[in-house]
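The following paragraphs lead a new reader through one protein chain, from its overall form to individual residues. Please keep the sequence and the structure in view while reading.

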Amino acid sequence: MPKLTVEGAGVFDVPEGKRLVLALEDEAKIDQLHACGGNARCTTCRVEFVAGEPEKMTAAEKSVLAARGLSGIRLSCQILCDHDMTVRAISRLAGSGRKDAGSRPDNAIQPPPVFADK
Ligand code: FES
């Protein structure tokens, strides 16, 4: 079982292959935003990696980060927990002014992932 460390929150065992956005919500109990429902459109599921950043990136993640000129962050809805990782949860419902975190993302990465080097 991969270990997910969230700075300031703790270390959590996560089922192998679970979407990071869902692990943040379910295992770490973080009020992680995911406004588009985990579809690589909103970028509110962003996290900063401290350790274990995946080398691969979905084409959808790469495209939306480039379109918005974002770097130094990753989209938790486009990442699977298949190894140990440490992140900072930098995009949370508390203080966001939003009424909710967004609809629950599907269990599988959406859109169906095509992985490429980041
Ligand atoms: S980009 Fe919207 S939840 Fe990930």
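Among the contacts that join residues at least 6 apart in sequence, 70% link residues at least 24 apart. These figures, like those that follow, come from a predicted model. One pair shows how separation along the chain and separation in space can be set side by side: Ile73 and Ala108 lie 35 residues apart in sequence, and their C-alpha atoms are 21 Å apart in space.

The overall dimensions come next. The chain has 118 residues, and a compact globule of that length would have a radius of gyration near 13 Å; the value for the chain is 13 Å, so the two agree. Along the principal axes, the C-alpha trace spans about 35 × 30 × 25 Å. Of the 118 residues, 42% count as buried. The chain exposes about 5,800 Å², and carbon and sulfur atoms supply 50% of that area. As for charge, there are 16 positive and 16 negative charges, and their mean positions are 6 Å apart.

The secondary structure consists of two helices and nine strands. In sequence order, these elements follow the pattern β-β-β-α-β-β-α-β-β-β-β.

Five of the strands build an open sheet in the order β2-β1-β8-β4-β6, and the pairing within this sheet is mixed. At its edges stand β2, residues 10–13, and β6, residues 74–75, each of which pairs on one side only. Strands of a sheet pair through backbone hydrogen bonds, in either the parallel or the antiparallel sense.

The sheet may be followed from the β2 edge. Strand β1, residues 3–6, pairs with β2 in the antiparallel sense over four bridges. Within this pair, Thr5 stands opposite Val11 of β2. The two strands β1 and β2 form a hairpin with three residues between them, and Gly8 in the turn has a positive phi of about 85°.

Further across the sheet, β4 and β8 pair in the antiparallel sense, also over four bridges. Here Phe49 has Val87 in β8 as its bridge partner. Strand β4, which covers residues 46–51, also pairs with β6, in the antiparallel sense and over two bridges. In this pairing, the bridge partner of Val47 is Arg74 in β6.

Ile73 is found in the loop between α2, residues 59–68, and β6. Is Ile73 buried or exposed? Its relative accessible area is 10%, and because buried means under 20%, Ile73 counts as buried. Leaving aside residues up to four places away in sequence, Ile73 touches Arg46, Val47, Glu48, Leu65 and Ile90. Among these partners, Val47 is the residue that is bridged to Arg74 of β6.

A second buried residue is Lys18, which has its place in strand β3, residues 18–19. The relative accessible area of Lys18 is 17%, and it is therefore buried. With residues up to four places away in sequence not counted, Lys18 touches Ala23, Asp26, Glu27, Ile79, Leu80 and Cys81.

The loop between α1 and β4 holds two residues with a notable backbone angle. Lys29 lies in this loop, which follows α1 at residues 20–26, and Ala40 is found there as well. Lys29 has a positive phi of about 60° although it is not a glycine. Ala40, likewise not a glycine, has a positive phi of about 60°. How do the two stand in accessibility? Lys29 is exposed, with a relative accessible area of 65%, whereas Ala40 counts as buried at 10%.

A further backbone feature appears later in the chain. Which form does the peptide bond from Gln110 to Pro111 take? This bond is cis, with omega near -10°. Pro111 is found in the loop between β8, residues 85–89, and β9, residues 115–117.

Methods
Residues numbered from 1 in each chain as written. Predicted model: local features only at pLDDT ≥ 70, side-chain atom pairs only at ≥ 80, totals over all residues. Heavy atoms only, no water. Rg over C-alpha atoms; globule rule 2.2 N^0.38 Å. Buried < 20%, exposed > 50% of the residue type's maximum accessible area, 1.4 Å probe, protein only. Contact = heavy atoms within 4.5 Å. Areas by Shrake-Rupley, 256 points an atom, 1.4 Å probe, with all protein chains shown as cover. Lys, Arg positive; Asp, Glu negative; His and termini not counted. Charge placed at Lys NZ, Arg CZ, Asp CG, Glu CD. Pairing = 2+ DSSP bridges.
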